[in-house]
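Please open the structure in the viewer and keep the sequence panel visible. The tour begins with the whole protein and then moves to selected parts.

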Amino acid sequence: STAKSTVEGPWAVSRMFCTCCRGPEDDKVAEVDTRATVICDEVRGRSESTVQIPWAPIPEGDFEVLIEVRPNVQFGIELDLIDERGPTITQILNDGVFNEHNMRTPGREVKRFDRIKSVNGMTGNATDLHDMLFSMKETFTLQMTRPRERPVVIDKTGQQLGVQLDFKDNSPALVVTELPEGGVVAKWNAEHPDDAIRVGDRIVKIGGDESLQGFALIEKLKEAEVVDFTILRYSAV
């Protein structure tokens with residue numbers, strides 16, 4: 001269900017969809033191991049050994065994973081659809097094919113807050129991509145975007161932060177939707193143009209706490225005079 005809430009001050013009334021992405025009972029996701037394979041001949045080729053070399057980790061930006069649908073295995077991820085640019089993964093469950101993928105392809109793992117950019121090369125808004133994902137019945141590719149993480153500290157002593165946010169009561173992140181002129185964030189942006197907070201950024205880990213959700217995130221922002229949090233910045237679409 002989607003909660004509606006009102007927060008006094010410059011905060012936006014916020015709504016967000018959060019969907020548990022478990023595949024249908026006849027769906028499963030399997031993975032093609034994309035790790036490089038090196039074959040070493042020993043004793044004039046009469047025996048061989050295979051060494052699997054993990055991919056270099058993906059710090060940020062776009063990457064692809066290959067998913068194979070198979071019976072009786074759930075997708076095992078949770079998504080939110082508040083950012084129209086694509087569904088964003090908010091949780092990876094232990095009993096699904098995405099977790100299996102992560103175990104099998106070190107360096108190519110799908111992580112929390114990765115955003116789906118396309119399904120089999122097809123693009124659309126968050127709802128479109130969500131529907132495309134669950135229409136897949138055989139091997140398909142997902143192009144993902146991993147955000148860049150950046151710490152921010154803002155002194156707002158005696159003032160409102162001055163930003164509008166979208167969220168749901170169980171959201172692990174707040175999505176920046178508007179930056180009114182004259183607010184603390186707008187002033188901070190003017191002083192830090194290279195690190196400016198932008199519409200579409202996500203706010204997480206307020207005070208270093210990754211467990212906060214929804215209104216607890218809002219209250220944490222409101223009560224602190226000096227707020228520290230992490231900004232997630234996605235590459236331009």
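Begin with the entire chain, which is a predicted model. Among contacts in the protein with a separation of 6 or more, 70% are between residues 24 or more positions apart. A cartoon display brings out four helices and 14 strands. Of the 237 residues, 45% are buried. Switch to a surface display next: the protein exposes about 12,000 Å², and carbon and sulfur atoms supply 47% of that area.

**Helix 4**

Select residues 215–223, which form helix 4. Which residues of this helix are buried? They are L217, I218 and L221. Looking down the axis of helix 4, one finds these buried residues within an arc of 100°, so they line one face of the helix. In general, an α-helix has 3.6 residues a turn, so residues three or four places apart point the same way.

Now add the strands against which the buried residues of helix 4 pack. These are strand 11 (164–166), strand 12 (174–178) and strand 14 (226–233).

**K168**

Proceed to the loop between strand 11 and strand 12, and select K168 there. Is K168 buried or exposed? Its relative accessibility is 6%, and K168 therefore counts as buried. Display side chains at this point: that of K168 makes a polar contact with the side chain of D169, at 3.4 Å.

Finally, select F215 together with K168. The two are 47 residues apart in sequence, while their C-alpha atoms lie 8.0 Å apart in space. Residue 215 also belongs to helix 4, which returns the tour to the helix selected earlier.

Definitions and conventions. Residues numbered from 1 in each chain as written. Predicted model: local features only at pLDDT ≥ 70, side-chain atom pairs only at ≥ 80, totals over all residues. Heavy atoms only, no water. Helix = DSSP H or I, 4+ residues; strand = E, 2+ residues; numbered from the N terminus. Buried < 20%, exposed > 50% of the residue type's maximum accessible area, 1.4 Å probe, protein only. Contact = heavy atoms within 4.5 Å. Areas by Shrake-Rupley, 256 points an atom, 1.4 Å probe, with all protein chains shown as cover. Arc of directions from axis to C-beta. Polar contact = N/O pair within 3.5 Å; in protein donor to acceptor, adjacent residues only side chain to side chain.
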